[in-house]
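Okay, everyone, let me put the model up on the screen. I'll talk through who touches what, so have your own copy open if you can.

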Protein chains: 2
Amino acid sequence: MPASKRDQLLATAERLFYEQGFHATGIDRIVAAAGVVRMTLYNHFASKEALVAAVLTARHRRFIASLEAAMAAAVPGQETLALIEAHGDWLRSHSQHGCIMAKAMGEFAEHSAELHALAAAAKADLLARLEAAVARDGLNHSPGLARRLFMVLEGSNTAVALLDTATALADTRELADTLITTARSDAR
Amino acid sequence: MPASKRDQLLATAERLFYEQGFHATGIDRIVAAAGVVRMTLYNHFASKEALVAAVLTARHRRFIASLEAAMAAAVPGQETLALIEAHGDWLRSHSQHGCIMAKAMGEFAEHSAELHALAAAAKADLLARLEAAVARDGLNHSPGLARRLFMVLEGSNTAVALLDTATALADTRELADTLITTARSDAR
DNA sequence: GCGAAGTTAGATAGATCGGTCTATATAGGA
DNA sequence: TCCTATATAGACCGATCTATCTAACTTCGC
């Protein structure tokens, strides 16, 4: 069973938006690349803005699913590290050119409150999951630890687009390790 | 003496590009906001791409100047921290919505190799200055410390657009502190 | 007062933008 | 078999995009 036209459009739009930017990617280029006609797009999505929203939502859903799979397989007490590792895996395989949510926030801050909020909510979701993992690992005596780990992951997002990916991810792991170790020793 | 038309254009374009994005900001909106006519822009800049390049170059020059002023005033042996503090000051006063170079890299990765390289070079410049500061502070026994601090600053860039600015900057300072302290204790 | 440089106003170009419309074709299920 | 949903091809809309051109107007040093 071939992918539905809707799914083809979502996948193609996601790729083009991610690689070329949202404003710089026109409707015509998306439908041409998806091998579909313009009216088919407008049959499935009310507007370009709605298409962007669907793309961001779908991508975040996949991201969260991959995180949750990793968390489910994690050794208890090591959930925070497992989350960071899963984030790194996602970067390596899906976000080598930076985080699509960060790009969306930059492009839509003054153009679409809805899309900006959608991307910001995705970021907030990651922070909340970090906080939950930190709590489950018994590290919540260290105020702001999750927030600082979140900042490290944000730095990692940018760094993979600037440095060698393997180096950036190794640095991320080491940073997280240092923070968690420091937090544990502070607890004593 | 009022600013030259060229300077008005540069300042206006920088503001609009930063707030609205590069592709989403048209020539006409820039010249209207600058109170100037379109031919004046093309009299000073060969193309929109040349204008963007001039904006990025000028902004990076100002950024570097503010870093160097802080470094010159820094206590010897504390240059790394001074640099991180100066980066935070720049974020607070000029980059509350994220780093313009990161935005440029995202928007021009597939549209202008020249502009992408320009923005990437600005990032590389910051990393190089971090490495120099780390060396002068006698911390270069810790391999990759500058790179990890760089990643923290990149995370800080994104975080100020997501969290409370003061909190994000305090976290950045604490992160840098932890890294430097860990590096010093590893040296013994 | 003169000349040169910079600026203005505004027409013009061709491409592309997001979005709509209609008429035709092709499926699959009842 | 017929009905409904979906897809196609392509014309069309007004707006906007970057860029160019010409002709008239300021400004300012000499």
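So, DNA strand C: of its atoms within 4 Å of the protein, 52% belong to sugar or phosphate, and the rest are in bases. Before I go on, this is a predicted model, so local features need pLDDT of at least 70, side-chain atom pairs count only at pLDDT 80 or more, and totals for chains, interfaces and linings use all residues. Housekeeping in one go: residues are numbered from 1 along each chain as its sequence is written, chains are lettered from A and ligands numbered from 1 in the order in which they are written, and side-chain values use heavy atoms, with hydrogens and water left out.

Back to strand C. Who is around it? There are 17 residues, and the closest are A:Ile27, A:Met39, A:Lys48, B:Lys5 and B:Thr40. When I say near a strand, I mean that a residue has a heavy atom within 4 Å of it. Look at A:Ile27, where a backbone N or O atom lies 2.6 Å from a phosphate oxygen of strand C. On A:Tyr42 a side-chain N or O atom is 3.0 Å from a phosphate oxygen of that strand. Chain B joins in with B:Val37, through a backbone N or O atom 3.4 Å from a phosphate oxygen of strand C.

Which elements supply that surface? H2 and H3 of chain A, together with H3 of chain B, each bring at least two residues, and H3(B) has the largest share with five residues. Those labels are DSSP runs numbered from the N terminus: helices are H or I with at least four residues, and strands are E with at least two. By class, the surface near strand C has six nonpolar, six polar and five charged residues. Nonpolar here is Ala, Val, Leu, Ile, Met, Phe, Trp, Tyr, Cys and Pro; charged is Asp, Glu, Lys and Arg; the others, Gly among them, are polar.

Now swing over to DNA strand D. It is surrounded by 17 residues, with A:Lys5, A:Thr40, B:Ile27, B:Met39 and B:Lys48 the closest. Of the strand D atoms within 4 Å of the protein, 54% belong to sugar or phosphate. A polar side-chain atom of A:Thr40 is 2.9 Å from a phosphate oxygen of strand D, and for A:Lys5 that side-chain distance is 3.3 Å. From chain B, a backbone N or O atom of B:Ile27 sits 2.7 Å from a phosphate oxygen of strand D. H3(A) gives the most to this surface, with five residues. The class split near strand D is five nonpolar, six polar and six charged.

Next, how do the two protein chains meet? Chain A puts in 36 residues and chain B puts in 36 residues, where contact means heavy atoms within 4.5 Å. Together they bury about 3100 Å², 70% of it on carbon and sulfur atoms. Buried area is the accessible area (1.4 Å probe) that two parts lose on being put together, summed over both. A:Met151, A:Leu162 and A:Leu175 supply 20% of what chain A buries against chain B, more than any other three residues.

There are six salt bridges across the A and B interface, counting a side-chain nitrogen of Lys or Arg within 4 Å of a carboxyl oxygen of Asp or Glu. B:Arg148 pairs with A:Glu174 in a salt bridge, with the closest N and O atoms 3.6 Å apart. On the chain A side, H8(A) gives the most, with 10 residues.

Last stop, inside chain A. Domain 1 is 1–45 and domain 2 is 48–187, with bounds from an automatic or database domain assignment. Their centres, over C-alpha atoms, are 27 Å apart. In contact, we have 13 residues of domain 1 and 20 residues of domain 2. The two domains of chain A bury about 1600 Å² between them, 70% of it on carbon and sulfur atoms. Which residues carry that on the domain 1 side? A:Glu14, A:Tyr18 and A:Phe22 supply 51% of the area that domain 1 buries there, more than any other three residues.

The rule finds two salt bridges across this domain interface. A:Glu14 also makes a salt bridge with A:Arg62, and the closest N and O atoms are 2.4 Å apart. Okay, that's my tour; over to you.

Terms used
Polar contact = N/O pair within 3.5 Å; in protein donor to acceptor, adjacent residues only side chain to side chain.
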